[in-house]
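The following exercises are to be worked with the sequence and the three-dimensional structure at hand. Each task is followed by a solution in steps.

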Amino acid sequence: MGSIDQTVHKLDCTLCNITEEQSVLEKGSGWRSFWNEGPEFSNFVVSWSKGGDLEPTILGAECKVCKKDALNSKRYGAL
Ligand SMILES: [Zn+2]
């Protein structure tokens, strides 16, 4: 029984006032679980670390409109 199986990543561009959330799922439970790859965002260009054994994390995120770095935060749970 895995309780944490989804992470929601939120990106925020304060200049353009754009916020977007995408979730990453963990498949399986217990000792044999693995993570999906990080999803694409429609408003941000995001580089992800590799999924698999480790939870993917956002290495960098840039707003597609203004090309500035976006703020990112994450939480556990559903979208
Ligand atoms: Zn922007």
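A nonpolar core is a set of buried Ala, Val, Leu, Ile, Met, Phe, Trp, Tyr and Cys residues joined through C-beta atoms within 7 Å. The model to which this term is applied below is a predicted one.

**Exercise 1. Overall architecture and confidence**

Task: Establish which secondary-structure elements the protein chain contains, and state how confidence is distributed.

Solution. Step 1: the protein chain has six strands and zero helices. Step 2: read from the N terminus, the order of elements is β-β-β-β-β-β. Step 3: the C-alpha trace spans about 40 × 20 × 15 Å along its principal axes. Step 4: among contacts with a separation of 6 or more, 38% join residues 24 or more positions apart. Step 5: the average pLDDT is 90, and 92% of the residues score at least 70. By element, β4 has the highest mean, 98, whereas β3 has the lowest, 83.

**Exercise 2. The nonpolar core**

Task: Identify the residues of the largest nonpolar core and the strands that supply them.

Solution. Step 1: as background, nonpolar side chains in soluble globular proteins tend to be buried together. Step 2: of the 79 residues in this chain, 15% count as buried. Step 3: the largest nonpolar core comprises nine residues, namely Leu-11, Cys-13, Phe-41, Phe-44, Val-46, Ile-58, Ala-61, Cys-63 and Ala-70. Step 4: two or more residues come from each of β1 (6-13), β4 and β5 (58-63). The greatest contribution is that of β5, with three residues. Step 5: for one core member, Cys-13, the contacts beyond four places in sequence are Ile-18, Cys-63, Cys-66, Lys-68 and Ala-70.

**Exercise 3. Positive phi outside glycine**

Task: Locate Asn-17 and Lys-67, and decide whether each is buried or exposed.

Solution. Step 1: Asn-17 lies in the loop between β1 and β2 (18-29). Its phi is positive, about 60°, although the residue is not a glycine. Step 2: Asn-17 is exposed because 7 other C-beta atoms lie within 10 Å, and the cut-off for this class is 12 or fewer. Step 3: Lys-67 belongs to the loop between β5 and β6 (71-76). Its phi is near 65°, again a positive value in a residue other than glycine. Step 4: Lys-67 has 10 C-beta neighbours inside 10 Å and therefore counts as exposed.

**Exercise 4. Pro-39 and Trp-35**

Task: Determine why Pro-39 and Trp-35 count as partly exposed, and which residues they touch.

Solution. Step 1: Pro-39 is situated in the loop between β3 (32-35) and β4 (44-48), while Trp-35 is part of strand β3. Step 2: a residue is buried at 20 or more neighbours and exposed at 12 or fewer, with partly exposed in between. Pro-39 has 14 C-beta neighbours inside 10 Å, so it is partly exposed. Trp-35 has 19, so it too is partly exposed. Step 3: setting aside residues up to four places away in sequence, Pro-39 touches Gln-22 and Val-24. The C-alpha atom of Pro-39 is 7.4 Å from that of Ser-23, although 16 residues separate the two along the chain. Step 4: with the same exclusion, Trp-35 touches Val-24, Glu-26, Gly-51, Gly-52, Leu-54, Glu-55 and Pro-56. Step 5: Trp-35 and Val-65, which are 30 residues apart in sequence, have C-alpha atoms 30 Å apart in space.

Technical notes: Residues are numbered from 1 along each chain as its sequence is written. This is a predicted model: local features need pLDDT of at least 70, side-chain atom pairs count only at pLDDT 80 or more; totals for chains, interfaces and linings use all residues. Helices (H or I, at least four residues) and strands (E, at least two) are DSSP runs, numbered from the N terminus. Two residues are in contact if their C-beta atoms, placed from the backbone, lie within 7 Å. pLDDT is the predictor's confidence in each residue, from 0 to 100.
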